[in-house]
Amino acid sequence: MSTVLREYLDGPHKAARDLVRDGLAANAGLLDAGLELSRAEYRDKVLEVLQQITAEGHTGRGFPKEYGGQGDLGGFLAGFETLAFGDLSLMIKAGVQFGLFAGAILHLGTARHHDEYLNDAIEGRLLGCFAMTETGHGSNVQALQTTATYDPASEEFVIHTPTAAARKDYIGNAARHGRMAAVFAQLVVGGETHGVHCLLVPIRTPDGDPLPGVALSDCGAKLGLNGVDNGRIVFDQVRVPRTALLDRYAQVDAEGNYSSEIENPDRRFFTMLGTLVQGRVSVGGAAINASKVALTIAIRYADRRRQFGAPGSADESLLLDYRMHQRRLLPLLARTYALHFAQAELVDEFVRIFGGDGEGLAEKGEHDQRALEAQAAGTKALGTWHATETIQMCREACGGAGYLAENRLSTLKADTDVFTTFEGDNTVLLQLVAKGLLTNYRESFGKLDPLGMARFIAGQAVEVAVEKTALRTLIERLRDAVPNRNDLADPDAGLRDDAYHCGLLRFREEHMLAGVARRLKRGIDDGVDPFEAFNRCQDHVIAAGRAHVERVVLEAFLAAVQAAPEGTARDRLKELYDLHALATIEAERAWYIEHGRLSGARSKAITALVNELCGAVRPYAGELVDAFGVPGAAVEVPMVVPFQHE
């Protein structure tokens with residue numbers, strides 16, 4: 001079964017995944033480098049392996065063929081996710097170099113930038129940084145303070161860090177290896193500021209020395225990912241030629257005339273950022289794969305390690321035979337499968353929007369692009385939170401052995417911790433999701449800050465947005481489809497019905513969305529300041545966004561089950577789906593009881609069925625993690641080895 005499931009999980013990009021698996025297996029020694037080498041040596045070792053896998057061709061897979069790539073964006077994303085089966089510093093460094101730095105050149109630049117820089121970037125000869133985040137501004141990119149002021153006399157832009165808060169911070173590749181940075185700065189032309197744009201700025205000589213006017217420093221030791229050389233950059237009146245501006249969406253001519261086909265500055269800004277959504281797609285997928293590594297280790301250990309036994313018996317029981325141990329691990333396993341399939345849907349949509357040649361946004365319409373951004377934001381948020389929860393639970397489930405660095409769980413925990421906040425803080429990302437749900441007027445995509453969002457909602461007659469989502473019709477329909485506490489004589493009836501699961505999650509999503517809309521409109525109608533109106537229900541906004549993503553993940557899992565090959569593999573996936581669906585409902589049972597969707601008896605019946613499904617999944621849990629295809633060295637940790645041949 002595990003072979004069939006692995007083929008199904010790998011999907012259409014199996015070749016790309018296997019190429020990366022082979023590369024990780026050949027460089028298995030990197031898994032111990034962070035424990036054995038100094039920080040500087042570890043960073044150099046990560047770069048060495050990165051250059052090796054670059055030479056083997058994977059890192060260029062998603063770029064246009066004319067620049068040395070393979071035009072296979074889906075394969076590139078699948079391969080990047082698979083890097084998370086190995087050393088995560090390697091994965092992040094690859095993401096900085098190829099996803100962010102080279103991606104900025106590809107998506108924000110034009111032919112002259114592609115011709116001059118792209119081949120060197122994707123073949124690793126030009127190592128770069130993605131200099132967006134500042135000490136004083138993280139998620140609020142529109143408020144960045146670094147300036148790029150055009151000097152028509154010399155036809156140059158002057159890059160400057162005006163305050164300490166404008167220092168570029170946490171920048172991967174900046175402390176040691178990067179020679180050029182894609183710098184996001186406020187573009188100032190003719191005394192007028194045109195918002196944040198991206199420019200290519202050299203920061204080091206080929207010998208590694210900082211260039212004049214560029215001050216580089218090291219962020220030092222971090223909680224994890226110490227193989228990535230995060231650093232800080234300060235610019236002091238650094239001059240770059242006019243052609244350094246990545247000018248796909250805005251141009252400045254020699255005389256200092258600014259022009260853009262996108263007249264609205266907010267729309268222009270979000271269009272530029274939208275082309276960089278690949279980072280969120282990649283981080284979410286990597287987090288899900290890191291969860292697979294932890295679960296493979298913990299479930300294999302629990303399927304071999306014995307502890308206690310029946311009174312009077314000399315035989316000890318396997319950890320995985322204990323119901324509580326099943327409860328700890330198996331719903332997380334089911335959720336990992338669910339997120340895997342949701343991520344696969346996201347990658348397919350990303351490839352559809354961006355086009356199979358990686359050349360840039362296809363003409364699919366702004367609505368599709370905004371929907372993709374929201375889907376990527378939500379999947380990244382849930383995937384990274386899931387990784388944090390899963391790895392911690394796996395560590396606890398392995399006891400003291402799980403605390404030893406040699407068994408990898410501590411490293412996984414440290415290295416993935418930051419995933420919840422980079423490529424967008426998860427709470428901010430769920431606001432983005434909720435914003436997209438609150439209105440269908442996506443072309444008016446406003447500011448991400450709470451004030452801009454509240455004003456946007458205030459100006460759009462929220463009751464119309466609610467009507468546009470067909471909430472009233474939907475809620476009437478759900479009253480018929482979803483039982484309430486008075487509807488069922490038999491609390492066990494229909495608990496494994498797919499329509500019941502989807503109906504409950506959809507009811508919760510739409511009910512919460514309607515509640516947010518009503519609260520915002522009521523506050524605004526009462527004359528409450530728009531920011532305060534939003535702030536009062538911010539928790540409700542986040543919850544509505546999360547409820548939406550939970551429903552999307554569930555439906556992606558169900559679709560994957562229905563599309564799976566008939567036979568044992570599909571049957572096993574269906575049991576996992578039922579476990580995930582019911583565990584998700586169980587986790588929110590208080591809400592469902594409050595809103596009349598569950599009786600006490602039915603809530604208890606769901607808990608009993610979750611227990612039953614854990615017992616049903618237990619005999620083949622080992623096969624389910626084998627299907628992930630994690631390379632041997634990553635999961636054949638010392639605490640498992642002694643039990644392998646018993």
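The largest cavity is lined by 14 residues, and L24, N27, A28, L31 and G86 are the ones nearest its centre. Here a cavity is a set of points on a 1 Å grid over the protein atoms alone where a 1.4 Å probe fits but cannot get out, and lining residues have an atom within 4 Å of a point. The elements that give two or more residues to this lining are α2 (14-26) and α25 (632-635). Helices are DSSP runs of H or I with at least four residues, strands are runs of E with at least two, and both are numbered from the N terminus. By class, the lining of the largest cavity holds 11 nonpolar, 2 polar and 1 charged residues. For that count, Ala, Val, Leu, Ile, Met, Phe, Trp, Tyr, Cys and Pro are nonpolar, Asp, Glu, Lys and Arg are charged, and the others, Gly among them, are polar.

Before going further, please keep in mind that this is a predicted model, in which local features need pLDDT of at least 70 and side-chain atom pairs count only at pLDDT 80 or more, while totals for chains, interfaces and linings use all residues. Residues are numbered from 1 along each chain as its sequence is written, and side-chain values use heavy atoms, with hydrogens and water left out.

How much space lies in the largest cavity? About 90 Å³, where a volume is the space filled by probe spheres set on grid points that are joined across faces, edges and corners. A search of the whole structure turns up 11 cavities of 30 Å³ or more. The second largest has about 70 Å³ of space, and its lining consists of L19, V20, G23, L24, I53, E56, H58 and L83. Helix α2 gives the largest share of that lining, with 4 residues. Sorted by class, the second largest cavity is lined by 5 nonpolar, 2 polar and 1 charged residues.

Staying with L24, we can turn to T82, which sits in helix α5 (residues 73-82). Is T82 buried or exposed? T82 is buried, because its relative accessible area is 1%; buried means under 20%, exposed over 50% and partly exposed in between, with a 1.4 Å probe and protein chains only. Leaving aside neighbours within four places in sequence, T82 is in contact with R17, V20, R21, L24 and N289, contact meaning heavy atoms within 4.5 Å.

Now for a pocket, which is an open set of points with protein on both sides within 12 Å along at least five of seven lines. The second largest pocket has a volume of about 540 Å³. Its lining has 24 residues, with R335, E550, A583, T584 and A587 nearest the centre. At least two lining residues come from each of α10 (323-354), α11 (366-397), α18 (498-525), α20 (538-563) and α21 (568-587), and α10 has the largest share, 6 residues. The lining of this pocket divides into 12 nonpolar, 3 polar and 9 charged residues.

Further along the chain, S599 lies in the loop between α22 (589-594) and α23 (600-617). S599 counts as buried because its relative accessibility is 17%. The side chain of S599 reaches the backbone nitrogen of R602 at 3.0 Å.

Finally, let us step back to the whole chain, which has 25 helices and 13 strands. Of its 646 residues, 56% are buried. Among contacts between residues at least 6 apart in sequence, 74% join residues at least 24 apart.

Terms used:
Polar contact = N/O pair within 3.5 Å; in protein donor to acceptor, adjacent residues only side chain to side chain.
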